[in-house]
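I sat down with this one over coffee and kept short notes as I went. Here is what I looked up, in the order I looked it up.

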Amino acid sequence: HRSPRSAVQPLPMPRDNRALAVALRLMADPSDDADLGAWAGRVGASKRTLQRAFMSDTRISFSRWRQRARLLAAVERLSAGESVTRTALD
């Protein structure tokens with residue numbers, strides 16, 4: 001008998017230092033819309049290196065990881081009582 005999956009699962013974090021730097025910055029500011037190429041320039045890696053790091057370390061793509069990070073941030077804000085409108089606009 002398997003237990004039901006939790007609606008909110010922890011966000012896997014990359015182990016690669018450059019990908020981790022991207023992940024931490026996105027968690028601090030989930031609204032940052034920079035694409036992976038821009039992030040690569042910021043952390044001194046190639047776009048492909050970051051793509052591989054996210055896939056191998058987290059088992060999900062960068063875009064899926066960012067989407068999940070944004071959803072988790074939104075859930076936290078809504079749980080803290082912020083309005084849906086304010087959360088969505090941010």
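**Entry 1: the overall layout.** I read along the sequence first and got the pattern α-α-α-α-α. That fits the count of five helices and zero strands. I am noting here that this is a predicted model. I then boxed the C-alpha atoms along the principal axes, and they fill roughly 40 × 40 × 15 Å. Of the 90 residues, 29% are buried. I also looked at contacts with a separation of 6 or more: residues 24 or more positions apart account for 56% of them.

**Entry 2: helix α2.** Next I picked α2, residues 36-43. Which of its residues are buried? I found L36, W39, A40 and V43. They cover an arc of only 105° around the axis, so they sit on the same side of α2. I reminded myself that an α-helix has 3.6 residues a turn, so residues three or four places apart point the same way. What do the buried residues of α2 pack against? Their partners are α1 (17-28), α3 and α4 (62-79).

I checked both ends of α2 as well. At the N-terminal end D35 acts as a cap, with a side-chain oxygen 3.2 Å from the backbone nitrogen of G37. After α2 comes G44, and its phi is positive, near 75°.

**Entry 3: α1 against α4.** I wanted the geometry of this pair. The axes of α1 and α4 come within 10 Å and cross at roughly 30°. Angles under 35 degrees count as roughly parallel, and α1 and α4 are therefore roughly parallel to each other. I noted the crossing as right-handed. On the α1 side the contact is made by V22, A23, L26 and M27, and on the α4 side by F62, W65 and R66.

**Entry 4: T58.** I finished with one residue in helix α3, which spans residues 47-58. Is T58 buried or exposed? Its relative accessible area is 6%, and buried means under 20%, so I wrote T58 down as buried.

I then followed the polar contacts of the T58 side chain. One of its polar atoms lies 2.4 Å from the backbone oxygen of F54. The T58 side chain also reaches the backbone oxygen of I60, at 3.1 Å. Leaving out residues up to four places away in sequence, I listed what T58 touches: P12, M13, P14, A53 and W65. I had already met W65 in the contact between α1 and α4.

Conventions: Residues are numbered from 1 along each chain as its sequence is written. This is a predicted model: local features need pLDDT of at least 70, side-chain atom pairs count only at pLDDT 80 or more; totals for chains, interfaces and linings use all residues. Side-chain values use heavy atoms; hydrogens and water are left out. Helices (H or I, at least four residues) and strands (E, at least two) are DSSP runs, numbered from the N terminus. Buried means under 20% relative accessible area, exposed over 50%, partly exposed in between (1.4 Å probe, protein chains only). A polar contact is a pair of N or O atoms within 3.5 Å; within protein, one must be able to donate a hydrogen and the other to accept it, and residues adjacent in sequence count only if both atoms are side-chain atoms. Contact means heavy atoms within 4.5 Å. The arc is that of the directions from the helix axis to the C-beta atoms. Axes are lines fitted to C-alpha atoms, for helices over the stretch in contact, and angles run from 0 to 180 degrees between N-to-C directions. Angles under 35 degrees count as roughly parallel, over 145 as roughly antiparallel, 65 to 115 as roughly perpendicular and the rest as oblique. A crossing is left-handed if the near helix is turned anticlockwise from the far one by less than a right angle, and right-handed if clockwise.
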